[in-house]
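Q: I'm new to this structure and would love a close look at one part of it. Could you walk me through the sheet and whatever packs around it?

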Amino acid sequence: MEHGVFAGEPVSPGELTDEAIDSYRLLSADIASGVAVVSTRLRGRDYAATVSGFLSVSYDPPTLLVSLYAESRIAEAVVESGSWALSLLSASQRGTANWLASPGSPLEGLLNQVNYGRGPATGAAIIEGCIAWFEVRTTQVTTAATHQLVVGEVVAMGRRAAPDDEADPLVHFASSYGRLA
């Protein structure tokens with residue numbers, strides 16, 4: 001038997017209740033995903049944030065998508081700069097994920113607590129020790145509800161993790177960070 005707010009009945013967006021939105025937030029937290037840092041450099045300033053809404057779109061050409069809250073500093077900077085980096089975090093980088101997920105993080109000195117280097121193609125920050133990194137040039141931006149879906153072609157990529165960390169990604173599940181093992 002199916003139980004829930006909608007219980008299989010179609011509901012138009014204008015009919016969504018606070019209860020339905022809260023239920024969606026709770027249930028969608030059960031979608032396990034990797035954790036990454038998206039970063040960009042705009043007018044000499046670094047912008048970075050922790051994300052779990054990203055995916056590989058295509059292998060040919062290599063293309064990534066990241067979902068960013070439209071009213072966030074990182075979304076505005078990524079869209080305006082036209083290029084960005086994605087650093088896929090290992091489980092040992094939970095502290096970095098927490099720091100860059102904090103809504104009150106400072107604009108100045110944001111990366112002072114983070115060990116990072118610069119990407120060779122875009123100059124965006126790449127988190128040292130990340131499992132994999134990708135530098136991306138934006139090809140399309142689409143608004144979807146409260147978010148910007150930023151799609152781009154990968155222009156450089158690599159690894160910076162120790163062999164033990166490569167097989168131990170940081171994952172987001174049930175509204176918290178965890179490990180596969």
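A: Happy to help; here is a walk through the sheet, then the helices on it, then the cores. Please keep in mind that this is a predicted model.

Let's begin with the strands. Seven of them form an open sheet with antiparallel pairing, in the order S3-S2-S6-S9-S10-S5-S4. Strand S3 (45-51) and strand S4 (54-59) are at the edges with a single partner strand each, so one side of each has no neighbour in the sheet. From one strand to the next, the twist averages 30°.

Now look at one pair within that order. Strand S9 (residues 132-144) and strand S10 (residues 147-158) run antiparallel and are joined by 11 bridges. For an example you can find yourself, take Glu135, whose bridge partner in S10 is Ala156.

Next come the helices. Helix H2 (residues 73-81) packs on the sheet, where it touches strand S2 (36-42), S3, strand S5 (62-69), strand S6 (83-88), S9 and S10. The direction of H2 makes about 55° with that of S2. Helix H3 (residues 94-101) lies across S2 and S3, and runs at about 110° to S3.

Finally, the cores. The largest nonpolar core has 19 residues, and Leu89 and Leu100 touch the most other members. H3 and strand S8 (125-127) are the elements that give two or more residues to this core, and S8 gives the most, with three. Leaving aside residues up to four places away in sequence, Leu100 touches Val37, Ala48, Ala49, Thr50, Leu110, Leu111 and Val114. There is also a second, separate core of 18 residues, with Ala36, Leu68, Ile74 and Trp84 among them.

Note on methods
Residues are numbered from 1 along each chain as its sequence is written. This is a predicted model: local features need pLDDT of at least 70, side-chain atom pairs count only at pLDDT 80 or more; totals for chains, interfaces and linings use all residues. Side-chain values use heavy atoms; hydrogens and water are left out. Two strands pair if DSSP finds at least two bridges between them. Helices (H or I, at least four residues) and strands (E, at least two) are DSSP runs, numbered from the N terminus. Axes are lines fitted to C-alpha atoms, for helices over the stretch in contact, and angles run from 0 to 180 degrees between N-to-C directions. Contact means heavy atoms within 4.5 Å. A nonpolar core is a set of buried Ala, Val, Leu, Ile, Met, Phe, Trp, Tyr and Cys residues joined through side-chain atoms within 4.5 Å. Buried means under 20% relative accessible area, exposed over 50%, partly exposed in between (1.4 Å probe, protein chains only).
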